Amino acid sequence: MRSAIDSEALIADNEQLRAELQDLLQQAHINQSIIERHQAFDLKLIGASEFRELIEVMLTVMPGVFSLETVTLSLIDGDYAIQRILRDLQIGINEFPKLLFLKQALAFPDDDLTRADEKPRLGPYVAALHGPLFPHYEPVSVAVLPLVRQHRLLGYLALGSAYGERFTRSLATDFIERLATIAAVCLENVINNERLKHIGLTDPLTGVNNRRYIEQRMQEEVARSQRDRSALSCLFIDIDHFKRVNDQFGHQSGDDVLREVAARIKKELRLSDALGRFGGEEFVVLLTHATREDAARIAERIRAGVCSRGVMIEGSRDPLKITASIGAAALTPPDRSRPAAEVKQAMLKAADQALYQAKEAGRNRVMLAAGD
Ligand SMILES: Nc1nc2c(ncn2[C@@H]2O[C@H](COP(=O)(O)OP(=O)(O)OP(=O)(O)O)[C@@H](O)[C@H]2O)c(=O)[nH]1
């Protein structure tokens with residue numbers, strides 16, 4: 001009798017142990033699949049070689065992989081350097097509403113002074129603190145991962161959950177810290193790649209785009225205007241008697257004049273326009289959605305801006321009077337029957353010929369190419 005009871009208890013024990021083992025095994029499978037998902041995500045992050053691709057992985061793929069309501073990336077870009085590069089490389093910031101730019105680092109009240117600034121901060125969402133990182137969605141709990149490279153804060157990856165228990169102050173942060181480290185390295189890498197691309201498309205003397213960029217961009221814009229039937233214009237701008245500046249005051253002063261003229265032209269343009277140094281003392285401006293009349297008006301404004309006041313240069317007591325001649329050509333309506341490359345060449349040629357006429361007619365003036 002006694003042994004029957006013992007064996008019943010043993011069987012019950014055994015069944016309970018089996019059930020516990022089953023649970024543990026199931027948990028191990030779940031953990032294994034979480035680890036595999038995380039590793040696959042790490043590989044995606046590391047594999048992204050371009051800015052656009054990395055941002056997609058962080059902002060679109062990540063919420064799904066980690067079951068989060070939102071993920072945002074905020075970059076610290078006080079001098080607009082990153083935004084300028086992205087704009088020049090035609091990476092539309094508006095494409096990514098969860099990509100944000102901050103003028104400076106966020107000031108978190110230091111509730112724990114022993115904690116290094118670069119540690120992730122987990123806890124309930126506080127609007128006054130986390131608001132700038134979540135402008136479109138108010139989560140309940142958040143993890144803010146500072147992205148730091150070589151002691152420099154690049155920005156924050158901010159994870160938002162609709163559940164209070166998801167990110168609590170006491171949660172172990174090893175995994176999140178590792179994620180922040182990988183994300184920071186990947187981010188620095190793609191920003192540097194885009195910087196290199198940008199350098200290859202920039203004129204080192206004036207800081208405006210170079211000829212390669214402007215030719216490439218012009219072809220894209222011509223194709224776009226052919227598709228949308230939108231207007232497109234270009235200006236050829238040439239500093240008058242520039243040789244005299246070099247001859248009289250030296251090459252260095254000539255370079256100063258080039259820089260100043262580039263800055264004066266740029267001041268008159270919209271963000272969507274493009275300015276490039278085409279060669280020597282010649283600049284090209286691409287005006288999107290600008291008709292012939294718009295081009296004439298903008299060219300006149302640029303001409304007036306260039307000669308509005310003298311340019312201070314070394315070796316001369318008085319500011320030097322500088323003028324420029326401008327040739328303008330427009331695509332209205334854009335010719336759809338010819339390839340974009342051909343139309344681009346024709347537009348450049350027309351603007352160049354108009355510039356020649358402006359020089360012939362006495363310089364410091366704008367001439368329009370005959371209608372397209
Ligand atoms: N300082 C400097 N001068 C340059 C640079 N590139 C070209 N130049 C000079 O630009 C001058 C161009 O002179 P020209 O084409 O004869 O024309 P211009 O004197 O401007 O006369 P017009 O165009 O007819 O009004 C030459 O003296 C070139 O040496 C540069 O990067 N820096």
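Which loop holds arginine 229? Arginine 229 sits in the loop that runs between α6 and β6. The model is predicted. The protein counts 10 helices and 10 strands. Of its 372 residues, 32% are classed as buried. Among contacts with a separation of 6 or more, 69% join residues 24 or more positions apart.

**Around the α6–β6 loop**

- Arginine 229 has a positive phi, near 55°, and is a residue other than glycine.
- Arginine 229 is exposed, because 11 other C-beta atoms lie within 10 Å and a residue with 12 or fewer counts as exposed.
- Aspartate 228 belongs to helix α6.
- Aspartate 228 is also exposed, with 11 other C-beta atoms within 10 Å.
- Aspartate 228 and proline 334 are 106 residues apart along the chain. Their C-alpha atoms are separated by 9.1 Å.

**Helix α6 against helix α10**

- Helix α6 covers residues 211–228, and helix α10 covers residues 340–360.
- Their axes come within 9 Å and cross at roughly 110°.
- That angle falls in the range 65 to 115, so α6 is roughly perpendicular to α10.
- On the α6 side, the contact uses Met218, Gln219, Val222, Ala223 and Gln226.
- On the α10 side, the contact uses Ala340, Ala341, Val343 and Lys344.
- By class, the α6 contact with α10 has 6 nonpolar, 2 polar and 1 charged residues.

**Helix α5 and its partner α2**

- Helix α2 spans residues 51–65. Its axis and that of α5 come within 9 Å.
- The α2 and α5 axes cross at roughly 155°.
- An angle over 145 counts as roughly antiparallel, and α2 and α5 are therefore roughly antiparallel to each other.
- Helix α2 contributes Phe51, Leu54 and Met58 to this contact.
- Helix α5 contributes Ala183, Cys186, Leu187, Val190, Ile191 and Glu194.
- The contact of α2 with α5 holds 8 nonpolar residues, no polar ones and 1 charged.

**Helix α5 and its partner α3**

- Helix α3 (residues 81–88) packs on helix α5 (residues 174–199) at an angle of about 60°. The two axes are 10 Å apart.
- The arrangement of α3 and α5 is therefore oblique.
- The crossing of α3 past α5 is left-handed.
- From α3, the contact takes Ile82, Ile85 and Asp88.
- From α5, the contact takes Ile191, Glu194, Arg195 and His198.
- The α3 contact with α5 divides into 3 nonpolar, 1 polar and 3 charged residues.
- Ile191 and Glu194 of α5 appear in the contact with α2. Ile191 and Glu194 also appear in the contact with α3.

**The shell around the ligand**

- The ligand has 16 residues around it.
- Asp240, Phe242, Lys243, Gly254 and Gly280 come nearest to the ligand.
- Elements giving two or more residues to this shell are β6 (232–239), α7 (242–249) and α8 (251–267).
- Helix α8 supplies the largest share of the shell, with 4 residues.
- By class, the shell around the ligand has 4 nonpolar, 5 polar and 7 charged residues.

**Phenylalanine 41 in helix α1**

- Helix α1 (residues 2–47) includes phenylalanine 41.
- Phenylalanine 41 has 19 other C-beta atoms within 10 Å. Buried status needs 20 or more, so phenylalanine 41 is partly exposed.
- Leaving aside residues up to four places away in sequence, phenylalanine 41 touches Met62 and Val65.
- Phenylalanine 41 and methionine 62 are 21 residues apart in sequence. In space, C-alpha to C-alpha, they are 7.6 Å apart.

**Glutamine 150 in the β4–β5 loop**

- Glutamine 150 lies in the loop between β4 (141–149) and β5 (152–161).
- Its phi is positive, about 45°, although glutamine 150 is not a glycine.
- Glutamine 150 has 7 C-beta neighbours inside 10 Å and therefore counts as exposed.

Terms used: Residues are numbered from 1 along each chain as its sequence is written. This is a predicted model: local features need pLDDT of at least 70, side-chain atom pairs count only at pLDDT 80 or more; totals for chains, interfaces and linings use all residues. Axes are lines fitted to C-alpha atoms, for helices over the stretch in contact, and angles run from 0 to 180 degrees between N-to-C directions. Angles under 35 degrees count as roughly parallel, over 145 as roughly antiparallel, 65 to 115 as roughly perpendicular and the rest as oblique. A crossing is left-handed if the near helix is turned anticlockwise from the far one by less than a right angle, and right-handed if clockwise. Two residues are in contact if their C-beta atoms, placed from the backbone, lie within 7 Å. Ala, Val, Leu, Ile, Met, Phe, Trp, Tyr, Cys and Pro count as nonpolar, Asp, Glu, Lys and Arg as charged, and the others, Gly among them, as polar. A residue is near a molecule or strand if its C-beta atom, placed from the backbone, lies within 6 Å of it.
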